[in-house]
Amino acid sequence: PDYHDNGKALHLRLDFDSSGSLHGQATEIYSGAFIPEVSTFLKGLDETERRAPWEKKIARSFPGAQIDSFDIYPPDSSGRDFKIGYSFSTGPTIRPFADRAYIPMDLLGGWSDLPALPAQARQFPIELGRRLVSER
């Protein structure tokens, strides 16, 4: 299935400077059922706490990374996807190893999940129960 219908995509750009430090720009795009999950999670956090889950996730892939900017682009009434954009940087990441460079990162394992959702019981603003009506 296409992530546009119900899922998550990650667009990531990575640049290394002459000192071996990494500078990245990321855009996470959520659609379908992922939109209320991420939106509810973010609304439950104070504005100053919102970047922390993403900073922890980045640090698992890129040790020592810190988020430089963090922006949330909620969907509008036209049905746009929910986007989270951020930039990050690390200290020197590339390490020489014989005649090769070692870059410690785990893109697939560290980026495959949503942030940890709260453990408390979920509440919905609308009663979802409906009366069963049979047609004859």
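This is a short talk about how one protein chain is put together, from its overall layout down to a few residues.

Hi everyone, thanks for coming. Before we start, please keep in mind that this is a predicted model, where local features need pLDDT of at least 70, side-chain atom pairs count only at pLDDT 80 or more, and totals for chains, interfaces and linings use all residues. Residues are numbered from 1 along each chain as its sequence is written, and side-chain values use heavy atoms, with hydrogens and water left out.

Let's begin with the layout. The protein chain has 4 helices and 6 strands; these are DSSP runs numbered from the N terminus, with helices (H or I) of at least four residues and strands (E) of at least two. If you walk along the sequence, you meet them in the pattern α-β-β-α-α-β-β-β-β-α.

How much of the chain is buried? Of the 136 residues, 29% are buried. Here buried means under 20% relative accessible area, exposed means over 50%, and partly exposed is in between, using a 1.4 Å probe and protein chains only. The chain exposes about 9800 Å², and carbon and sulfur atoms supply 52% of that; accessible areas come from the Shrake-Rupley method with a 1.4 Å probe, and for residues only the protein chains shown count as cover.

Now for contacts, meaning heavy atoms within 4.5 Å. Among contacts in the chain with a separation of 6 or more, 57% are between residues 24 or more positions apart.

Next, look at strand E4, residues 82-92. Because 8 of its 11 residues are buried, E4 is largely enclosed by the rest of the structure. Which strands pair with E4? E2 pairs with E4 in the antiparallel sense over 9 bridges, and strand E3, residues 66-73, also runs antiparallel to E4, joined to it by 7 bridges. For two strands to count as paired, DSSP must find at least two bridges between them. Phenylalanine 88 in E4 is a nice place to see this: it is the bridge partner of glycine 24 and also of isoleucine 67.

Stay on E4 and find glycine 85. With a relative accessible area of 10%, glycine 85 is buried. Its C-alpha atom is separated by 7.6 Å from that of glutamine 25, although the two are 60 residues apart along the chain. Leaving out residues up to four places away in sequence, glycine 85 touches Ala26, Thr27, Ser69, Phe70, Asp71 and Tyr73.

That last one, tyrosine 73, sits in strand E3 and is partly exposed at 41% relative accessibility. From tyrosine 73 to isoleucine 84 is 6.0 Å, C-alpha to C-alpha, with their positions 11 residues apart in sequence.

Isoleucine 84 brings us to the core. In soluble globular proteins, nonpolar side chains tend to be buried together. A nonpolar core here is a set of buried Ala, Val, Leu, Ile, Met, Phe, Trp, Tyr and Cys residues joined through side-chain atoms within 4.5 Å. The largest one has 18 residues, and Trp54, Ile84 and Tyr86 touch the most other members. E2, helix H2 (34-43), H3, E3 and E4 each supply at least two residues of this core. Beyond its neighbours within four places in sequence, isoleucine 84 has contacts that include Val38, Leu42, Trp54 and Phe70.

Finally, some charged residues. How many salt bridges does a search of the whole structure find? There are 3, where a salt bridge is a side-chain nitrogen of Lys or Arg within 4 Å of a carboxyl oxygen of Asp or Glu. One joins aspartate 15 and arginine 13, with the closest N and O atoms 3.0 Å apart; aspartate 15 is partly exposed at 34% relative accessibility.

Another joins glutamate 28 to lysine 8, with closest N and O atoms 4.0 Å apart. Glutamate 28 is in strand E2 (residues 21-30) and lysine 8 in strand E1 (residues 8-16), so this pair links distant parts of the chain, 20 residues apart. Glutamate 28 is buried at 0% relative accessibility, whereas lysine 8 is partly exposed at 23%.

Glutamate 28 also meets lysine 57 in a salt bridge, 3.1 Å from N to O. Since lysine 57 lies in helix H3 (residues 52-61), this pair ties together parts that are 29 residues apart in sequence. Through shared partners, salt bridges join Lys8, Glu28 and Lys57 into one network. Lysine 57 is buried too, with a relative accessible area of 5%.

That's my tour, thanks for listening!
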